[in-house]
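Visitor: I'm new here, so could you walk me through this one step by step?

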Amino acid sequence: MGDDRIKLEPSWKARVGDYLQRDDMRELSAFLRQRHSEGVSIYPPASQIFGALDATPFDDVKVVILGQDPYHGPRQAPGRCFSVQPGVPIPPSLDNVFK
């Protein structure tokens, strides 16, 4: 399966690990690392990109919602949809989703 640098809950890694090794995914990863090295803010932080998958093993998942999270500032994107870390104010765009 490849890259041990990818931190991902084992049941998810068994299912999507090979996909993450594809050329297009490696190119995307390299692009994001390059942009980050240029000082561009990337949300969520690299350590939290798979936060949702790390939080719930594959067999416990009932629904997966894919889309763009409504975050626009530092510390707002925890790697899980429709949430922020404790103590972080809800951004206006996420508040609108809840309404």
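Guide: Let's start with a yardstick: buried means under 20% relative accessible area, exposed means over 50%, and partly exposed is in between (1.4 Å probe, protein chains only). This is a predicted model, where local features need pLDDT of at least 70, side-chain atom pairs count only at pLDDT 80 or more, and totals for chains, interfaces and linings use all residues. Residues are numbered from 1 along each chain as its sequence is written, and side-chain values use heavy atoms, with hydrogens and water left out.

Visitor: Is Asp-95 buried, exposed or partly exposed?

Guide: Asp-95 has a relative accessible area of 31%. Because that value sits in between the 20% and 50% limits, the label for Asp-95 is partly exposed.

Visitor: Which residue does Asp-95 meet in a salt bridge?

Guide: A salt bridge is a side-chain nitrogen of Lys or Arg within 4 Å of a carboxyl oxygen of Asp or Glu. Here the N to O distance is 3.5 Å. The partner is exposed, with a relative accessible area of 74%. Asp-95 meets Lys-99.

Visitor: In what order do the elements of the protein run?

Guide: Helices (H or I, at least four residues) and strands (E, at least two) are DSSP runs, numbered from the N terminus. The protein has four helices and zero strands. From the N terminus on, then, the order is α-α-α-α.

Visitor: How are the rings of Trp-12 and Phe-58 arranged?

Guide: Rings of Phe, Tyr and Trp (its six-membered ring) pair if their centres lie within 6.5 Å; planes under 30 degrees apart count as stacked, over 60 as edge-to-face and the rest as tilted. A search of the whole structure turns up one aromatic pair. The ring centres of Trp-12 and Phe-58 are 5.0 Å apart and the planes stand at 75°, so the arrangement is edge-to-face.

Visitor: How many residues apart are Trp-12 and Phe-58?

Guide: Trp-12 is in helix H1 (residues 10-20), while Phe-58 is in the loop between H3 and H4. Trp-12 is buried at 9% relative accessible area, whereas Phe-58 is partly exposed at 31%. The pair links distant parts of the chain, and the separation is 46 residues.

Visitor: Which residue forms a salt bridge with Asp-59?

Guide: The structure holds four salt bridges, and in this one the closest N and O atoms are 3.7 Å apart. Asp-59 is in the loop between H3 and H4, with its partner in helix H1, 44 residues apart. Asp-59 counts as exposed at 59% relative accessibility, and the partner is partly exposed at 43%. That partner is Arg-15.

Visitor: How far apart are the closest N and O atoms of Asp-24 and Arg-22?

Guide: Asp-24 counts as partly exposed at 37% relative accessibility, and Arg-22 is partly exposed at 37% too. They form a salt bridge, and the distance between the closest N and O atoms is 2.5 Å.

Visitor: How much accessible area does the nonpolar patch on the surface have?

Guide: Patches are made of residues with over 30% relative accessible area and no salt bridge; like charges are joined within 9 Å, nonpolar side chains (Val, Leu, Ile, Met, Phe, Trp, Tyr) within 5 Å. Accessible areas come from the Shrake-Rupley method with a 1.4 Å probe, and for residues only the protein chains shown count as cover. One of the patch members is Ile-90, partly exposed at 45%. Together, Val-63, Ile-65, Phe-82, Ile-90, Val-97 and Phe-98 have about 590 Å².
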